[in-house]
Amino acid sequence: MNSRAFRYAGPAILGGAALLALLIGLAYGGGAAELAIGDPGPVVRWGLPIAELIVNLSAALLVGSLVLALFALRSGTPEFDTALDAASAGAAILTVAAGSTAFLTFLNIFNAQPSASAAFGEQLGRFLVDTEAGVAWLTVTIAAAGLTVLTFAVRGWLPTLLVTVLAIAALVPMASVGHAGTEANHNIAVTALALHIIGAAVWLGGLLLLVLLRPLLGSERVADVLSRYSSIALAAFIVVTLSGVARAVIGVVSPENLLSPYGALLLVKVVALLAMGVLGAFYRGRLISRMRDAASAARFWTLVGVEVVFMGIASGAAVALSVTPPPVDTALPAQQTAAEVLTGSTLPPELTLDRWFTMWDVDLIWAFAVGFGLFFYLAGVRRLTARGDRWPLWRTVLWVFGLLLLLWVTCGPVNAYQDYLFSVHMVGHMLLSMAIPMCLVFGAPVTLASRAIRKRDDGTRGGREWILWAVHSPYAKVITHPLVAAGLFIGSLWAFYYTDLFRWTLYEHLGHEWMVVHFLTTGYLFVLSLVGIDPVPYRLPHAGRLLTLIGVMAMHAFFGIAIMMSSGLFVAEWFGSMGRTWGAAPLDDQYVGGGIAWSIGEIPTLILAIVVAVQWSRSDARTQRSVDRHADRTGDAELEAYNERLQKLADRDARAAR
């Protein structure tokens with residue numbers, strides 16, 4: 001099949017395979033079966049999953065096109081413009097499909113009969129603004145409408161980057177509807193589904209864009225673009241696989257449930273996923289490097305067509321799975337404890353010494369962040385070593401330790417108990433804002449990336465180019481200024497606990513994720529402004545750095561004392577209503593948290609002060625040695641000149657004597 005024909009046949013094959021898999025899955029799994037009570041009718045029962053399928057495929061075209069454009073194409077070229085046009089088309093289709101899904105979801109939940117009456121309109125309006133499902137689909141619809149315009153209008157690097165971030169964010173509300181939104185362990189289910197949706201969108205959308213770009217890419221360019229897409233697809237495959245496993249564990253629980261219709265659809269999706277992984281590994285290892293050969297190119301695009309079929313099967317099975325009742329009841333019980341009402345999870349057992357090392361509550365976002373952070377850093381060190389360059393072992397050790405500490409905080413006992421004990425929450429806060437950033441800054445990731453990642457010379461931007469752009473951007477110059485970084489670090493500490501931000505992070509999982517990102521980032525910027533070898537526009541003199549650290553230590557101490565002296569409980573309706581029968585009373589536990597902020601929070605600051613003092617001493621020593629060398633060179637030159645003058649006088653006297 002020639003390239004132009006395949007450009008149109010590829011999406012048709014994908015849509016046909018997805019629709020067929022969806023219809024078979026609905027018939028087999030019972031997702032569209034008639035309800036005994038309150039049945040909305042066959043149009044809604046079958047139309048809603050089809051609308052959701054169109055949502056998923058159009059969202060993939062939107063996000064995948066933007067991501068591939070940022071990392072594989074050059075701005076200002078026809079292929080870059082085509083990628084943004086494809087994203088705009090995906091956003092337009094997503095707008096209509098999301099709006100249709102919202103309407104059909106309303107009919108499905110309320111069993112309402114469509115009419116032009118004011119009562120029907122009022123009921124639909126209340127659904128869209130008062131229910132979680134309605135708000136989610138309304139948000140996606142509005143976001144997609146805005147993205148339709150933005151993707152059509154922008155063409156530069158920075159606007160495309162911002163639009164890509166908005167497009168990915170627009171997919172997040174989709175994870176809160178369906179089974180995940182009403183299950184126990186709500187946060188884990190929603191996070192797993194959100195990562196699954198985003199990873200699949202990047203993977204599937206990138207492949208769709210490759211099919212659309214095939215006529216525009218010559219034999220010289222196609223190998224480079226495919227190689228870069230395969231790297232993106234590999235990362236997406238890992239995210240989709242592991243998040244899918246986490247999601248399946250919640251819905252299936254035990255192996256025997258795989259024999260149920262839900263389990264069978266899950267196995268179909270797994271087989272399709274593994275088939276795509278095998279195909280991807282094959283053409284990544286065997287065919288991409290030989291794309292200039294006509295036979296290899298034809299074979300490659302044939303395999304792409306096969307992969308498109310498997311992607312369609314996986315997409316259809318995924319939607320059928322989302323409306324198929326799971327074999328186990330994962331909903332919260334009708335009679336809930338106070339902890340279940342507030343957190344969506346049961347109260348954990350008493351926090352004993354051994355549980356500081358054995359208790360886990362995995363946050364998939366940070367598990368992936370730590371995993372990728374370790375892999376890319378160690379791969380960079382290995383690349384430097386392979387070409388004969390040196391990288392200090394102690395920097396690698398500190399980076400690994402910092403990431404493992406981050407994993408312990410976000411996925412271990414701190415994450416498991418921070419919603420129930422203010423003191424544990426404060427332990428996590430202090431580690432996130434001071435200890436972990438200090439280890440990561442000493443790891444010098446930017447310097448390693450600039451040395452290890454290959455520089456591109458074709459006008460596109462890879463990891464190295466995007467990292468260096470971010471480091472040298474005007475925004476980075478502002479937030480890395482020592483005074484700004486210190487102001488953010490101290491100011492956000494007080495603003496967080498003495499405003500409703502703290503309450504928001506407890507009630508909303510999105511708020512919790514923002515908290516982790518914010519304090520990790522502000523801590524990293526503050527430490528980076530003081531020490532490290534990664535580039536920043538300006539650092540204070542050593543005396544100024546020590547004065548800054550002394551001020552931070554004083555503010556930390558004052559903050560901790562203020563909490564210890566507080567007679568009221570922070571977010572009393574939360575920490576005072578958990579129904580704990582173990583551990584200290586909430587107010588006593590808060591007093592301990594204030595002591596932790598005062599004591600533990602000062603230790604990394606003291607270490608930084610020692611490091612700055614040592615650097616100051618070494619800087620003075622280097623300056624003195626430079627002065628001494630200059631003086632030695634000056635003295636030697638003066639002596640040599642004096643000897644030359646003596647020799648000239650001796651020669652003159654000898655000539656006079658003759």
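**Nonpolar patch**

I looked first for nonpolar surface in this predicted model. I found a nonpolar patch of about 370 Å², made by Leu501, Trp504, Leu510 and Trp514. I then asked which helices supply the patch. Helix α21, residues 501-507, and helix α22, residues 509-528, each contribute at least two of the patch residues.

I examined one member of the patch, Trp504, which I located in helix α21. Is tryptophan 504 buried, partly exposed or exposed? Its relative accessible area is 34%, so I recorded tryptophan 504 as partly exposed.

**Leucine 161**

I next turned to leucine 161, which I found in helix α6, spanning residues 157-171. The relative accessible area of leucine 161 is 22%. Burial requires a value under 20%, and I therefore entered leucine 161 as partly exposed.

Which residues does leucine 161 touch, leaving aside those up to four places away in sequence? I noted Leu70, Trp466 and Trp469. For leucine 70, I also looked up the backbone separation: its C-alpha atom lies 7.1 Å from that of leucine 161, although the two residues are 91 residues apart along the chain.

**Whole protein**

I closed with the totals. I counted 26 helices and zero strands in the protein. Of its 658 residues, 49% count as buried. Among contacts with a separation of 6 or more, 78% join residues 24 or more positions apart; the contact between leucine 161 and Leu70 spans 91 residues. I recorded an accessible surface of about 30500 Å² for the protein, with 67% of that area belonging to carbon and sulfur atoms.

Key
Residues numbered from 1 in each chain as written. Predicted model: local features only at pLDDT ≥ 70, side-chain atom pairs only at ≥ 80, totals over all residues. Heavy atoms only, no water. Helix = DSSP H or I, 4+ residues; strand = E, 2+ residues; numbered from the N terminus. Buried < 20%, exposed > 50% of the residue type's maximum accessible area, 1.4 Å probe, protein only. Contact = heavy atoms within 4.5 Å. Patch = residues over 30% accessible without salt bridge, like charges linked within 9 Å, V, L, I, M, F, W, Y side chains within 5 Å. Areas by Shrake-Rupley, 256 points an atom, 1.4 Å probe, with all protein chains shown as cover. Salt bridge = Lys/Arg side-chain N within 4 Å of Asp/Glu carboxyl O.
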